[in-house]
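Open the model in your viewer and keep the selection tool handy. We will walk from one residue outward, stop by stop.

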Amino acid sequence: MLDYQLGLSWRSLKRNPVLSLLSIGGIGLGIAVSMIFVTAYYYLAGDPIPQKSDRLFLVQLDAWDPARPWDSDRPGEPPDQLTYMDAMALMKSDVPTYKTAMHKADLTVHPARQDLKPFRQLTRLCFADFFPMFDVPFRYGAGWSREADLGPEAVVVLAAETNQRLFGGEDSVGRSVRIEDRDFRVVGVLDAWRPLPKFYDTTNGPFDPAEGMFLPFHFGRVFEMYTAGNTSSWGSYDGGYAALLQSEAIWLQFWVQLDDDRQRESFEAWIAGYAAEQAKLGRFARPQNNKVRDVMTWLRVAEVAPEEARALMIIALLFLLVCSVNLIGILLGKFLARAPEIGVRRALGASRRQVFAQHLVECAVIGLCGAGLGLVLTPLGLALVDRLFDEQFDFRLDPILFGVALALALVSAFVAGVYPAWRVCRTQPALYLKTQ
Amino acid sequence: MLEMSNVAKVYRTEHVETHALSEFSLRVDEGEFVSVMGPSGSGKTTFLNLAGLLDAFDAGSYRLDGEDVSRLSDRQMSRIRNEKIGFIFQTFNLIPDLNVFDNVDVPLRYRGLRAAARREAIDEALGIVGLSARSKHLPAQLSGGQQQRVAIARALVGRPRLILADEPTGNLDSAMAHEILDLIEKINATGTTVVMVTHDPELANRTSRRIHLLDGRMIDLDHDRPEPLFQPGRSLGTAQA
């Protein structure tokens, strides 16, 4: 029966091409507009690492100024970064499955190729656990070992773009890259990887792309490299890099992977013990306020998704609703004009349910065609939005968004079609059989 | 086959009540060919609509093929229309953008038959009305008589036990009208009960029983019924296009 109803729907679309184009165009436009803003919101407010976002935790400790809170607007909120002393202390905990302190730095790369000039490259200095913890995809090689963290060994992981720039995209594992004043051995090259938002460092540009290189954390100390991100302090750290490491300045992000509630509770107890110990030593003068927050909780607390994105998405969905309501009128006229044919079909044995289903199938066909049109228009709109924001987002329709577009189109078409279909299936056949 | 007792049908508007049928009783036996005559507004079409389960009555009872149809659901009534009743209309009521084959296919689609079974039944029905060669034509490409023959094929294709014809020759010239009636007689001769509304006394005289309707009430003109045309074992055969 479905193939028959699909055939009738197709015939109906061909019978009134102008009305059909209006219907499909309306839904298509509504889908395109709504999907542009749904996509934007999806990327800005979505889960950047859905497979394990509930097992990854940002660690916050409140070692801030006893005289005033870190955020005067939200006095209960601890700082979003850690001091070097605290980060190194937390690195000693063996409770988490994975853990890493990290920061970004701006390092100079000296390419071996004569045709390339030295360039500055944003680099993430982190521990070996960074890669397995964040499921970072590798095209060649792998991350470095935990032993390499200790040396630290002069090893580097390149992002795909950096590998393209330095080695033309070849497998560069084992090759050498000169960074600052020494040579580093490439141990891994990433595949395309751009978590959006960049959840692991929202303090320093939540929508920035991932860094182009990754070095063992302790090279920061070797190079005496200050962070390229934010540093905040309530005390002075005059006296150079060594003083920074001993100061109360916060500039490091700290993430852990905790696989279950027991592990989380155990880690929370561990940092509570650490904070209490530090308080005895004269630090942590504020009431103890440690936070261990998973990815999505942290993104909400940090208010990463702009409110405007949410508002625009709601407006766009309302626009789709308007398109859908407009379609009700078109479909009502179209379906009721067909009442005499429906009278004949009812006389020949079609039940109300079959007539209703036939018209809903037609709505589904309109919805699918509208989805097709919308999916053609959406990437164009997204490219335009991306250009407006200097191409910093790279919004794309992934399979989930594709499914959302399809579902929205079908729902819109059904919403528009239910009343006209109900009206036409209530048609009294006897009224039309004599008057055709 | 069809038994109505004291059936009443009233059409109501805000200010007016029209009694289309009052205390209408009729029994039609299997294999009969009954004509229904009467002036305009006498209730002929109302009777046919009620008989064909296309409209609901307000009082009385109606048994079709032994089944009380007064309390059936829409789905059950649709099934009965599909399986037991064939309709032939004055204005043919073919679906204009379906070709002959697809028009005849409509009732079979709602019966859920497989493609091969449908094709066989449609070919047979088109053979009976002599339109096998026109199966790909659209209704607009056919004459009035041919369109009515398509409508008859559509009524026949599901092998109904009752054919309801509402002035089937009303839009045709005299020669064509007789040709169509010949065809309907042939169908009746195979055992299918036929109830035909007509204005034409000459056509009515060819039926086995004549009913006259006046102001929604029935007058049976034939106390002595002629022998029905139906003889067991008779087949329809096929005609040439």
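Start by selecting Val36(B) in this predicted model. Which residues is Val36(B) in contact with, leaving aside its neighbours within four places in sequence? Add Lys44(B) and Phe47(B) to your selection, then Val195(B), Met196(B) and Val197(B), and finish with Ile211(B) and Leu213(B).

Next, widen the view to the largest nonpolar core, which has 116 residues. Val36(B) is one of the members that touch the most other members, along with Ile31(A), Val104(B), Ala125(B), Ala153(B) and Leu164(B). To see where the largest share of this core comes from, select helix 2 of chain A, residues 17-45: that helix supplies 14 residues. A second, separate core has 65 residues, and you can find it by picking Leu125(A), Val157(A), Leu190(A) and Phe217(A), which are included in it.

Now show chain B by itself. Colour by secondary structure and you should find seven helices and 10 strands. Of the 241 residues in chain B, 47% are buried. If you draw a contact map of chain B and keep pairs at least 6 apart in sequence, 73% of those contacts join residues at least 24 apart.

Stay in chain B and select helix 4, residues 115-128. From its first C-alpha to its last, this helix of 14 residues reaches 20 Å, close to the 20 Å expected at 1.5 Å a residue. Which of its residues are buried? Highlight Ala121(B), Ile122(B), Ala125(B), Leu126(B) and Ile128(B). Turn the view to look down the axis of helix 4 of chain B: the buried residues fall within an arc of 150°, so they line one face of the helix. Show helix 3 (100-111) and helix 5 (144-156) of chain B as well, since these are what the buried residues of helix 4 pack against. On the face turned away from the buried side, pick out the exposed residues Ala116(B) and Glu120(B). Just after helix 4 of chain B comes Gly130(B), with a positive phi near 75°.

For the last stop, bring both chains back and select the contact between them. Chain A puts in 21 residues and chain B 22 residues. On the chain A side, look at helix 1 (2-15), helix 12 (339-347), helix 13 (352-388) and helix 15 (429-433), the elements that give two or more residues. Helix 12 of chain A gives the most, with four residues. Colour that side of chain A by class and you will see nine nonpolar, five polar and seven charged residues.

Methods: Residues numbered from 1 in each chain as written. Chains lettered and ligands numbered in written order. Predicted model: local features only at pLDDT ≥ 70, side-chain atom pairs only at ≥ 80, totals over all residues. Buried ≥ 20, exposed ≤ 12 C-beta atoms within 10 Å, placed from the backbone. Contact = placed C-beta atoms within 7 Å. Core = buried A, V, L, I, M, F, W, Y, C linked by C-beta atoms within 7 Å. Nonpolar A, V, L, I, M, F, W, Y, C, P; charged D, E, K, R; others polar. Expected span 1.5 Å × (residues − 1). Arc of directions from axis to C-beta.
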